[in-house]
Each structure stands twice: as C-alpha cells, then as structure tokens.
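Me: I would like to go through this structure by asking, for each label, what justifies it. Please set every value against its criterion before you conclude.

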Amino acid sequence: MTPDTPGILYCNCTYAQIIDPAVKGHVLRRLCDSGKSFEAVADLCEMSARKDPALKRLAGGPGVKIAACYPRAVKWLFASAGAPLDGARTEVLNMREQAGPAVIERLLADDVQPNLPPGKASPGVAPRGQTPEPEAQTGATSAEAPASA
Amino acid sequence: MSLRDQTYLRIVLYEGRDAEPLDSEQRFQAVSRLLNQGFALTHVGGAGRTAPADDVPALVLGRFQNGLEKLAAEAASERVRFTNVSGLTDEQIVAAVESVRAEKQAVQHGGWKPWFPVIDYDRCTNCMQCLSFCLFGVYGADGAGHIQVQNQDNCKTNCPACSRVCPEAAIMFPKYKAGPINGDAVKDADLEREKMKVDISALLGGDIYSMLRARSERAQSRFSKERDSGKALNERQKCLTKLAQAGDIPPEVLMSLPSPEEILRRAGEAKAKALAALAAQR
Ligand code: SF4
Ligand code: SF4
C-alpha cells in the first residue's frame, strides 16, 4: 500500500431495484475476495439526503473509485451533502450501464481515471473548471490502525 | 422524525493484523446482509486504504483470538467497541450490529425510500421554477438566494414531476428509470423535449397540479354518479393510468393531492418564496 492508493467505495443501492442484482453480486463478491480494504455503503442517495458526515471522509483522501451509478448523479449527491468529490481524483464506475467484470477490473486497478463531469465542484461556489483544495486528512484508519476507526 | 441531526455508528469489519480472516463465503454473506439492512461498513483487509477516522462511535467486528486486548488498548477510546464474531453466523453478526445500533440510538435505516430531486448545479440557472412548482416544500433557497433541495423526505416517492418543469434539465432523480433524469448525460434532444413539456404545461394553464387535480376531481364526481361501480373503477383506473403515463406521475400522488383551496394556498406560498429568493440575488 502506498500513501496515494485510491480508496474503493461500493454503493449497494439497497432501496431501489435499478441495478442488475447479477452485476452488484459479481462486483461485491470479487471485491470481498480481493483482500483489499474498501468502504461499502447501503445507499449513497440516503446518505446524501441525511447529509451523513461519513460522506466527507469517503470523499477525502488521495483519490477514490466509486462503484454506483451515473457519474453526474454521484457528483451532485456528494456535493449537495456538503462533501464535494475532487474531480481530478475520482472515478465513478456505473453499475447501471457497465458489466460486472468491467466494473471490478477498474475498481481494483491501482490508478484512477477521473471521469466526473467537468464544471463547478459545489452548489453555486467555484467557477466552472475549478475544483476546491482537498480537505485536510484527520488521520487514517488502516489495516495497521483499526482502532482509530 | 428529521432525516438529519441523528447519531451515526461506524461499522468496521476488521481482518488485519491480530485477527483471523473470515472465510470467503462468510465475509460475502455478512457484508451483503449488513448492506441489505441499510448499514455502511469499512472493510479493513490486508492492503488498500480506507476512509479517515472521524469522531463517530465505531463498532469493530473481527475474528479476534488473542489480539483483542491489544487492539482495544491501541484504540484507547470509549467510542470504539470490539465484537468477536468467531463462530457467529452472518445472521448473528447482523443481529449483534443491530443490538449495538439500538443501544447507541443510532440511525435506523430502511424506513424511507430515498427518492428526492438532486440539482445539477452545472446546468441550473437559479430560475426558481422548481420552487414555485412544488407544493410539498421540497425546495427552498439559501441565504444568498440559491436554489436548494431542503426537505428531501417531503418528496413524493416515484414522482419526478418537477424534473419536467426545469427548463435546463438540471433536476435528477438518481433512482429514476431513464435518462437524463437518472443522471445520464443530457443530450440536445432531451433539452428540446424538456422545453416542450414546459410549454405544454403553460398551455394547460401553467399549473400542472391544478390541471391534474381538476381532472381527477371531474373524474371522481362522474364516477360517484355511476351506478356500476365496477365500470366506474375501471374508467378511473384508465384515466389515472393515462395521466400517470403522460406526466410520469404515480396515481398515488394524484390521489394524495390536497384540496383545490389548499393547492392555491401552497402554490402562493411557494411563489412568494421563489420571488423572495430571486430578489435576494439582485
Ligand atoms: S448513488 Fe446511484 S447506485 Fe447509489 S443509491 Fe443512489 S441511485 Fe443507487
Ligand atoms: S427549475 Fe431547474 S434551472 Fe430553475 S432553479 Fe430549479 S433546478 Fe435550477
């Protein structure tokens, strides 16, 4: 593990039947068997509506790869909860459109291929084409330091 | 119950140093079950990175043998609790998590389908049409007069009507079936289509809700005079299906619309809010 390893986030879209269960099942099983650390959430939409503080820590760090749905939706779900994603360091894999093997291949790859739509980073603040400074890290939870979770 | 201001609990499934790994099937089943119950979790494996620590209470699950005391000493925090899941089935793991959640009075998930509008601020021009249109107080404006989705849980499940009045196709419902409302890229043709819908609603009097309500009431009074209730029901269903198909508005939403007087009152309120927000921008 290097300090700039991107994080992995899997959204289960628990409260809707919009993602093929075979795709979700394939991605989650392969992720569980990968030996990698990851974050898994039941439903990013629900977290966004609640402004769940976890979104800020999920958006932080040296890059993140997110298996969920359309990048435009994911971008604004995070931003409207006050946890904007860094457009230069975020890759969204779309389980509504992509096949399971394609999603998991990118999710487990060590590099990030940024694909958020360009534009503002947050509601009505930064001008188009600019992203804010990433938030300061508050200390990492890692395989070596579970207790700081 | 407000969606916000609640206590959160972070779940960590720990398979790092000083813990035995779960077997593959148990790990997958436990993770799947927790997600299906609405929990989020951090899985700590041998490699990779997880999100930073924060100050919410945490429950660390793992197959700890002799390592538990050491890990607990390292944590040195009352916020962090450890549960040894050795020998537990995945159902029992979920039950253990649920009991800590209840004890901490942390958010209970699953009571609400997260269906609500999400604004694409790269497209939004802050015209306030959505705010004036919605009768359920979903939209509001911040101090600077910028449109915001403020009361997500007031939104009518499966109703994407406000996305149809947005002239910029800036309103998404991520759980909607089709693009661009589901977040798929907006094409020029979509924009033309969206504009057309606004024109249609203007032709019908500018207030889609009043129109729908009036049609629904006309239908109701006609049905109440019907002798053959089976036939009446049939017709009613046909009419509602047509409306639902045309505007994508679920019949339950049509049926739950308030009285015409109440609609007028709420529409007036929404319009006043929109005007105030527009004035604040100047
Ligand atoms: S972000 Fe997309 S995949 Fe996740 S819960 Fe929302 S609609 Fe479903
Ligand atoms: S109707 Fe569309 S463009 Fe106008 S304020 Fe609402 S989201 Fe923005």
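Me: How many residues does the contact take from chain A, and how many from chain B?

Reply: The contact takes 66 residues from chain A and 71 residues from chain B, where contact means heavy atoms within 4.5 Å. This is a predicted model, in which local features need pLDDT of at least 70 and side-chain atom pairs count only at pLDDT 80 or more, while totals for chains, interfaces and linings use all residues. Residues are numbered from 1 along each chain as its sequence is written, chains are lettered from A and ligands numbered from 1 in the order in which they are written, and side-chain values use heavy atoms, with hydrogens and water left out.

Me: What is the area buried between chain A and chain B, and which residues of chain A supply most of its share?

Reply: About 5,800 Å² is buried between chain A and chain B, with carbon and sulfur atoms giving 54% of that area; buried area is the accessible area (1.4 Å probe) that two parts lose on being put together, summed over both. On the side of chain A, the three residues A:Arg50, A:Arg57 and A:Arg72 supply 14% of the area buried against chain B, more than any other three residues.

Me: What makes A:Arg29 and B:Glu25 a salt bridge?

Reply: The criterion is a side-chain nitrogen of Lys or Arg within 4 Å of a carboxyl oxygen of Asp or Glu, and the side chains of A:Arg29 and B:Glu25 meet at 2.9 Å, N to O, so the pair qualifies. The rule finds 6 salt bridges across the interface of chain A and chain B, and 18 over all chains. A:Arg29 also lies over the face of B:Phe28, at 3.9 Å from the ring centre; a charge sits over a ring if NZ of Lys or CZ of Arg is within 6 Å of the ring centre and within 35 degrees of the ring normal.

Me: Why is the pair of B:Trp115 and B:Phe173 called stacked?

Reply: Rings of Phe, Tyr and Trp (its six-membered ring) pair if their centres lie within 6.5 Å, and planes under 30 degrees apart count as stacked, over 60 as edge-to-face and the rest as tilted. The search of the whole structure finds 5 aromatic pairs over all chains. One of them, B:Tyr14 with B:Phe64, is stacked at 6.2 Å centre to centre and 20 degrees between the planes. For B:Trp115 and B:Phe173 the centres are 5.0 Å apart and the planes stand at 25 degrees, so this pair is stacked too. B:Trp115 lies in the loop between helix H3 (90–104) and strand S5 (118–119) of chain B, and B:Phe173 in the loop between strand S8 (171–172) and helix H6 (188–203) of chain B, so the pair ties together parts that are 58 residues apart in sequence; helices (H or I, at least four residues) and strands (E, at least two) are DSSP runs, numbered from the N terminus.

Me: How do you know that B:Trp115 and B:Phe173 are buried?

Reply: Buried means under 20% relative accessible area, exposed over 50%, and partly exposed in between (1.4 Å probe, protein chains only). B:Trp115 has 3% relative accessibility and therefore counts as buried, and B:Phe173, with a relative accessible area of 1%, is buried as well.

Me: Why are B:Glu98 and B:Arg101 given separate labels for exposure?

Reply: B:Glu98, at 29% relative accessibility, counts as partly exposed, whereas B:Arg101, at 8%, counts as buried. Their side chains meet in a salt bridge (2.8 Å, N to O), and because they are 3 residues apart in helix H3 of chain B, they are separated by about one helical turn.

Me: What places B:His43 among the buried residues, and which residues does B:His43 touch?

Reply: B:His43, in strand S2 (residues 41–44) of chain B, has a relative accessible area of 2% and is therefore buried. Not counting residues up to four places away in sequence, B:His43 touches A:Lys36, A:Ser37, A:Phe38, B:Leu13, B:Glu15, B:Arg27 and B:Thr50. The side chains of B:His43 and B:Glu15 are joined by a polar contact of 2.6 Å, the term standing for a pair of N or O atoms within 3.5 Å, where within protein one must be able to donate a hydrogen and the other to accept it, and residues adjacent in sequence count only if both atoms are side-chain atoms. B:Glu15 is also linked with A:Asp33 and B:Arg27 in a network of salt bridges.
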